[in-house]
Amino acid sequence: MILEALQLHFAYGSMPVLKGIDIAVRPGVTAIVGPNAVGKSTLLRCLCGLLKPSGQVLLENRDLHKYRPDELTQAISYLPQTLSTRAVLTVFEAVLLGRVHRLRWHVSAEDSRLVQTLLEEFGLADLGERYITELSGGQAQLVAIAQALAREPTVLLLDEPNTNLDLQHQFEICARIRDLTVSRGLSTAISVHDINMAARIADTVYVLENGRVRCSGTPRDVLTEEMIASVYHVSARVTVDDDGRPLVTPVGLKTRAI
Ligand SMILES: Nc1ncnc2c1ncn2[C@@H]1O[C@H](COP(=O)(O)OP(=O)(O)OP(=O)(O)O)[C@@H](O)[C@H]1O
Ligand SMILES: [Mg+2]
């Protein structure tokens with residue numbers, strides 16, 4: 001499936017945030033990067049239909065708002081940047097909730113099996129009966145990602161899924177998102193601050209700057225020393241790793257001549 005935005009504009013009240021964004025989320029991984037407050041989360045909320053921007057958001061060439069809510073819920077799974085819940089649910093129940101649009105009056109053996117498999121894959125099997133309000137930040141993040149995948153969407157929108165995760169889990173989760181995207185033919189968009197992680201998992205990178213797309217393309221085309229200096233005001237050295245992907249080493253803040 002292709003999810004795309006054409007000349008997308010969005011303002012919170014009188015404050016414009018997105019100023020004419022064109023983006024296409026195709027099968028594969030699309031990374032959205034850029035400094036704080038440039039509008040990455042706002043863009044993902046527009047793409048999943050939570051916010052109503054002007055311009056067009058099209059899923060398979062059809063306006064998002066022409067889909068029934070249950071069709072959208074099934075097609076697009078969105079993981080917000082900040083998680084907050086006071087729901088009294090166990091880890092098992094929370095992941096199962098990802099399948100709420102498919103559940104009938106009882107939970108099928110297939111639903112249970114899928115949730116159990118996800119819990120095992122995410123190293124959460126021992127926590128199945130724990131309440132989600134009693135988890136560490138990283139554990140809660142893993143539950144939220146598992147819940148997003150339990151829906152079996154065709155479009156996956158993940159806003160900073162690495163938040164709260166230690167280094168090992170960051171690598172594991174990103175590899176898992178990449179593998180699932182490829183094996184299931186998903187169209188995945190992921191907002192991420194770690195530019196090297198974006199380089200590692202993305203087919204296409206969009207760099208946002210002040211509510212606009214500064215540039216887009218393959219990681220190698222986009223993640224250049226010039227772009228990093230200009231957008232992030234950081235001097236960096238960009239080399240190429242064994243897989244041909246760019247590897248960014250920040251050197252320091254770019255100093256201006258006084
Ligand atoms: N609900 C809201 N109401 C008003 N302004 C908002 C709201 N959410 C975000 N903003 C503002 O919109 C701008 C873009 O915010 P957004 O969260 O999209 O940025 P971001 O690129 O995701 O930033 P970060 O990297 O810090 O997550 C910011 O100036 C922010 O303060
Ligand atoms: Mg954000």
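This text walks through a predicted model, from its ligand shell to its sheets, core and loops.

Start at ligand 1. The residues around it are Tyr12, Val17, Asn36, Ala37, Val38, Gly39, Lys40, Ser41, Thr42 and Gln81. Sorted by class, this shell holds four nonpolar, five polar and one charged residues. Helix α1, residues 40-47, is the element that gives the most to the shell, with three residues.

Now turn to the sheet beside that helix. Strands of a sheet pair through backbone hydrogen bonds, in either the parallel or the antiparallel sense. Here four strands form an open sheet in the order β2-β1-β4-β5. The pairing is antiparallel. Strands β2 (15-25) and β5 (62-63) are the edges, and each pairs on one side only. Strand β1 (residues 3-12) is joined to β2 by eight bridges, and the two run antiparallel. Pick out Leu8 as a landmark: its bridge partner in β2 is Ile21. Helix α1 packs on this sheet. It touches β1, β2 and β4 (54-59). The direction of α1 makes about 120 degrees with that of β1. Helix α1 thus appears twice in this account: it contributes to the shell around ligand 1, and it packs on the sheet.

Strand β3 (residues 28-33) comes next. How much of strand β3 is buried? Five of its six residues are, so to say, mostly covered: they count as buried. Strand β3 has parallel partners. With strand β8 (residues 187-191) it pairs in the parallel sense over five bridges. Within that pairing, Val29 has Thr188 of β8 as its bridge partner. Strand β9 (residues 204-209) also runs parallel to β3, joined by four bridges. There the bridge partner of Ile32 is Tyr206 in β9.

The interior follows. In soluble globular proteins, nonpolar side chains tend to be buried together. The largest nonpolar core in this model has 72 residues. Ala31, Leu47, Val95, Val143, Ala146 and Leu157 touch the most other members. Helix α5 (residues 137-150) gives the most to this core, with nine residues. Take Leu157 as a closer look. Leaving out residues up to four places away in sequence, Leu157 touches Leu44, Leu47, Cys48, Ile76, Tyr78, Leu79 and Ala189.

Finally, look at three loop residues. Glu60 sits in the loop between β4 and β5. Its phi is positive, about 50 degrees, although Glu60 is not a glycine. Is Glu60 buried or exposed? It counts as exposed, because it has 12 C-beta neighbours inside 10 Å, and a residue is exposed at 12 or fewer.

Asn164 lies in the loop between β7 (155-159) and α6 (167-184). Asn164 is not a glycine either, yet its phi is positive, at about 75 degrees. Asn164 is partly exposed, because 17 other C-beta atoms lie within 10 Å. That count falls between the cut-offs of 12 or fewer for exposed and 20 or more for buried.

Asp243 is in the loop between β11 (234-240) and β12 (246-253). Why does Asp243 count as exposed? It has 8 C-beta neighbours inside 10 Å, and the cut-off for exposed is 12 or fewer. Asp243 and Arg200 are 43 residues apart along the chain, and their C-alpha atoms are separated by 9.0 Å.

Key: Residues are numbered from 1 along each chain as its sequence is written. Chains are lettered from A and ligands numbered from 1 in the order in which they are written. This is a predicted model: local features need pLDDT of at least 70, side-chain atom pairs count only at pLDDT 80 or more; totals for chains, interfaces and linings use all residues. A residue is near a molecule or strand if its C-beta atom, placed from the backbone, lies within 6 Å of it. Ala, Val, Leu, Ile, Met, Phe, Trp, Tyr, Cys and Pro count as nonpolar, Asp, Glu, Lys and Arg as charged, and the others, Gly among them, as polar. Two strands pair if DSSP finds at least two bridges between them. Two residues are in contact if their C-beta atoms, placed from the backbone, lie within 7 Å. Axes are lines fitted to C-alpha atoms, for helices over the stretch in contact, and angles run from 0 to 180 degrees between N-to-C directions. A nonpolar core is a set of buried Ala, Val, Leu, Ile, Met, Phe, Trp, Tyr and Cys residues joined through C-beta atoms within 7 Å.
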